[in-house]
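Colleague: I'm new to this one. Can you walk me through it?

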Amino acid sequence: MSTCTRAITLSNIFGVVALGPKHLWSLIIRILLKLLGLPVSLMKKFRKDKHFYLPLMELKTVVGTLPELPQDVLMDIFATLEIPDLVRAGSVCSSWHSAYTCLRDLGKYKQSQTPCLLYTSRSAGENVACLYSLVENRIYKLTLSGPPICRSLLIGSSNGWLINADDRSELHLVNPITGEQVDLPSVITIEQVKPITDGSGIIHKYKLSWYSGQHYDGTPTIYALDKLREQLYFKAFVFLDPCTRSYFVVLIHHPRFQLSFARLGDDKWTWLPQNTEYRDCMYMDGLLYALTAHGEIDAFDLTASTVTMKVIMNKVQEDIVDFKSWYIIWAPWGDMLQVWRTFSVPEYKDRDGDVPEDGPVMPWPWFRTTKVTIYEVDLKARELVETKSLSNHILFLGHNNSLCLSADEHPQLKANHAYYTDDRSEPPVALKSVHRDIGVLDLENSSRKKIVSHIWSNWPSPTWITLNLTKITSAFSR
């Protein structure tokens, strides 16, 4: 799909072509308030019965002066908008479109976008990704090319890109906004995976070795092309190295939750065999930080010719707790956080309200998030210090890159809350028929609420995505 065609498509998706006057004036007022340094809450003064009104003279002033604003001023204003509003603004007139195009191509629009919930729906079609906007409380639908998203396994979402595994267990990056797709190195270049070919030399199965660099866990297992992904992949991340302007992908995979990585353009995955039981990663100041289920943090320098690893946080627990997930986050105020998410397993009852003697009849119980514990990492003392409140901040947890955002920059969201999606470590196929664990948790009292009523399919599991208009290929050229 060409850039021009994609831009027209996005305009239709975000409602620009059919943009009514009240929505247009809402956008204009918002931009004017930002330009004047006034709080967006003043928009309420213009609202009456959900319509926007301005005196006739003010309307003429707005119409007459906005297109004449200098390009750099327009770009400064547009840089503060959420991407749906940015796309809408770019369709108002030629001057605004030029500012939008420059901002998009330079990648200098506001980076702290509000995450959207990305999911699939049977009624939408197999190539359609749905986006639920927390800011607007509305749903957008994006038609994607490439492997059908409803049959893919989503294992990550970072910086606007999805990482998914197709029905041959091959990995791809997909940007649902720009339509850009990038093939990652083949699954057969992962250290523990070997291809099995038929008489014609065509790969028709895979052999997975249960070797972790420290242990052999039994004999290798043979999997069909579409089944390996369910046993191999756990989580993946896309990171940008600001120094080199290059992207790389980090993969947490089995056996034993190990790490492999690949720079875009590599023809194979590079295995990092130093440790196991990793659950989350982040990238900061040239180092990859990886958190294990023991609370240990390892730091990798991936920029050197030989990758080096340093343990910056020792284990804080020897045993791995089954009903927990672990996250590592760099907080806006400069501290490193460990976040531990606790699950409960509701007691299953039959139709008569009795608990069966033989236990749950479902193959896997319905896990529910009941608590989120936050620790600040004291790197000097190598200790965790529990913090009882995030005050004016918000967490986003799941298969996305873990986020801690400022409530001041995202006033539509609930401060001191955690927005979460399902990311259990069990093989994804085991949870296909089980309710997904999606909601928002009050960090003060651990009360839970739904984000929206059940609108998604269970496969692939819904995930948070932070929209991004930057193209990887453009980043390489700068």
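Colleague: How many bridges pair β10 and strand β11, and in which sense?

Modeller: Five bridges, in the antiparallel sense. Strand β11 covers residues 203-208. Strands here are DSSP runs (E, at least two residues), numbered from the N terminus. Two strands pair if DSSP finds at least two bridges between them.

Colleague: Is this a predicted model, and what does that mean for the numbers?

Modeller: This is a predicted model, where local features need pLDDT of at least 70, side-chain atom pairs count only at pLDDT 80 or more, and totals for chains, interfaces and linings use all residues. Residues are numbered from 1 along each chain as its sequence is written, and side-chain values use heavy atoms, with hydrogens and water left out.

Colleague: Back to β11. Which residue there is the bridge partner of K194?

Modeller: K207.

Colleague: And what order do the strands of that open sheet take?

Modeller: The order is β10-β11-β12, three strands with antiparallel pairing. At the edges sit β10 (193-197) and β12 (221-224), each pairing on one side only. From one strand to the next, the twist averages 35 degrees. For that angle, axes are lines fitted to C-alpha atoms, and angles run from 0 to 180 degrees between N-to-C directions.

Colleague: New topic. Where is H172?

Modeller: H172 lies in strand β8, residues 171-174.

Colleague: Buried or exposed?

Modeller: H172 is buried, because its relative accessible area is 10%. Buried means under 20%, exposed over 50%, and partly exposed in between (1.4 Å probe, protein chains only).

Colleague: What does the H172 side chain make a polar contact with?

Modeller: The side chain of D166, at 2.7 Å. A polar contact is a pair of N or O atoms within 3.5 Å; within protein, one must be able to donate a hydrogen and the other to accept it, and residues adjacent in sequence count only if both atoms are side-chain atoms.

Colleague: How many salt bridges does the structure hold?

Modeller: The structure holds 11. Each is a side-chain nitrogen of Lys or Arg within 4 Å of a carboxyl oxygen of Asp or Glu.

Colleague: Which residue does R104 form one with?

Modeller: D105, with the closest N and O atoms 3.1 Å apart. R104 counts as buried because its relative accessibility is 15%. D105 is at 41%, so it counts as partly exposed.

Colleague: And what about R279 and E277, buried or exposed?

Modeller: Both are buried. Their salt bridge has its closest N and O atoms 3.0 Å apart.

Colleague: Which residues are linked in a network of salt bridges?

Modeller: D85, R88 and E136.

Key:
Helix = DSSP H or I, 4+ residues; strand = E, 2+ residues; numbered from the N terminus.
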